[in-house]
Amino acid sequence: TAYVNKYEKIKEKNNEKKKQSPKPPPPFDLKKKYNVIIRPNRYNFRVQYRALELLDKVGTKYIFPTKSLPKVEAVNNFNLEIINEHICENPEQLQAVRRIVNGANPYAPYIIVGPPGTGKTTTIVEAILQIYIHEPNSRILITTSSNSACDTVALKLCEYFENNQKLIEISEKRNGYDLNSKPQIPQNILRVYSISWIKRFGFKNINPLLKRNANFCDADFESPSVEVLKKYSIIAVTLCTVGRLRTGINGNWPFTHIFIDEAGATTEVESLVAITSVNTNKCRVILSGDTKQLGPVVMSKVASKCGLKHSLMERLQACDYYKVEKDGTYDDGAQTRLRRNYRSHPNILQLFNHLYYNDELIAEVEMDPRHVRT
């Protein structure tokens, strides 16, 4: 909606182009021989190479934390009014939200370990909303390696901005009013899609609510400029598109928080695309995911052997800084481990809980008495 007025002229030009029907390609002559060249898209790799080059400039201390780093003490700078009341019943989720909103970890990425069904997405959505409420000047980047994961988080946020009265009032107050004393078009969250994704899947598969908060003018795609991006408090975009948007920007992006969701399934270099785009002295980085599920998909055996099959989240969790003691305790200034499962039947949970999670998970789904053997 924010694009309608601004890109009206672009829309008219696009309509004129559509009227000019392109000439059909000439048919192949089956009697002739053709040389076919298949060129793979190397853009993702170029973006990752650039992230490594930037890493040399910003330094490696942030992603190679040591145990000698100062311990982050818990503070309560804000009195949080939790929007999703169910989080108040979950001590781990509440701990994660409070830690992130009150400063997170300035020395290394803050990690949220979220096994399946433990409410990982719910936790980061609540944290993002609380940052939006309590820090008016915050700029939040939500990024993942896949469009589906990015859509999941962005859609939940859009639903809250659409239906929660407190957020509606805050949005109206911050966005101001036009000359007719009507609230300006909200610029809370922008879901940025890439042109390649739109060409491949089209607009039909996009949720209508997401479409209203995306970089579209009706059914036309538009790549947002840096000036447009700066107007929004929350940007949701894939890691590859972060690299595209980063092109041509001098210096670091003015983000205060970066949330990398599904970090356990993202290669380390992909995560660095986002991390090296900001000044980590001023921006807090939050990784959320689960390294016990499907990790990064790396087809090259050479790349796997060199370590690219491991995510940044997995490597960090192996560091002493994120160590979990034998009794299950850990430094909650560095990470939060979600334990309460709301999805699986207790008997099913018991199996993978014992195999992969050291029996740390707690079943919150009530067992149906009809299924209990006597």
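# A seven-stranded parallel sheet and its surroundings

Strand β2 (residues 140-144) and strand β6 (residues 234-238) run parallel and are joined by five bridges, where helices (H or I, at least four residues) and strands (E, at least two) are DSSP runs numbered from the N terminus, and where two strands count as paired if DSSP finds at least two bridges between them. This is a predicted model, in which local features need pLDDT of at least 70 and side-chain atom pairs count only at pLDDT 80 or more, while totals for chains, interfaces and linings use all residues. Residues are numbered from 1 along each chain as its sequence is written, and side-chain values use heavy atoms, with hydrogens and water left out.

Within the pairing of β2 and β6, L141 has I235 as its bridge partner in β6, and T144 has T238 as its partner in that strand. β2 also pairs with β7, again in the parallel sense, over four bridges, and here the bridge partner of I142 is F259 in β7. Five of the five residues of β2 are buried, so this strand is largely enclosed by the rest of the structure; buried means under 20% relative accessible area, exposed means over 50%, and partly exposed lies in between, as judged with a 1.4 Å probe and protein chains only. In a regular strand the side chains alternate between the two faces of the sheet. In β2, I140, I142 and T144 point one way, whereas L141 and T143 point the other way.

These pairings belong to an open sheet of seven strands in the order β3-β6-β2-β7-β8-β1-β9, with parallel pairing. Its edge strands are β3 (189-191) and β9, each of which pairs on one side only. Neighbouring strands of this sheet are turned by 15 degrees against each other on average, direction ignored; the axes behind such values are lines fitted to C-alpha atoms, for helices over the stretch in contact, and angles run from 0 to 180 degrees between N-to-C directions.

Towards the β9 edge of that order, strand β1 (residues 110-113) runs parallel to strand β8 (residues 284-289) and is joined to it by four bridges, with V113 standing opposite G289. Three bridges join β1 to strand β9 (residues 335-337), also in parallel, and I112 stands opposite T336 there. From β1, Y110 and I112 point one way and I111 and V113 the other way, and all of these residues are buried.

Two helices can be followed across the sheet. Helix α4 lies across β1, β2, β6, β7 (257-260) and β8, running at about 170 degrees to β7, while helix α5 (residues 147-163) lies across β2, β3 and β6, running at about 150 degrees to β3; contact here means heavy atoms within 4.5 Å.

The largest nonpolar core has 45 residues, and those with the most contacts inside it are I100, I112, I142, L157, Y193, I234 and F259; such a core is a set of buried Ala, Val, Leu, Ile, Met, Phe, Trp, Tyr and Cys residues joined through side-chain atoms within 4.5 Å. Helix α4 (residues 120-134) gives the most to this core, with eight residues. A second, separate core of 40 residues includes A108, F255, I260 and L312. Y193, leaving aside its neighbours within four places in sequence, is in contact with residues including N147, D151, I198, I206 and F221.

Two buried polar residues add further detail. S271 is found in helix α11 (residues 268-275) and counts as buried at 1% relative accessibility; beyond its neighbours within four places in sequence, S271 is in contact with L239, I260, T266 and L312. N84 lies in the loop between α2 (43-58) and α3 (91-101) and is buried, with a relative accessible area of 14%. Outside the four places on either side in sequence, N84 is in contact with T122, E126 and Y160.

For the protein chain as a whole, there are 14 helices and 11 strands, and buried residues make up 44% of its 374 residues. Of the contacts in the chain with a separation of 6 or more, 76% are between residues 24 or more positions apart. The structure holds zero disulfides, a disulfide being a pair of cysteine sulfur atoms within 2.5 Å. Among the cysteines, C88 is partly exposed, with a relative accessible area of 47%, and C240 is partly exposed at 23%.
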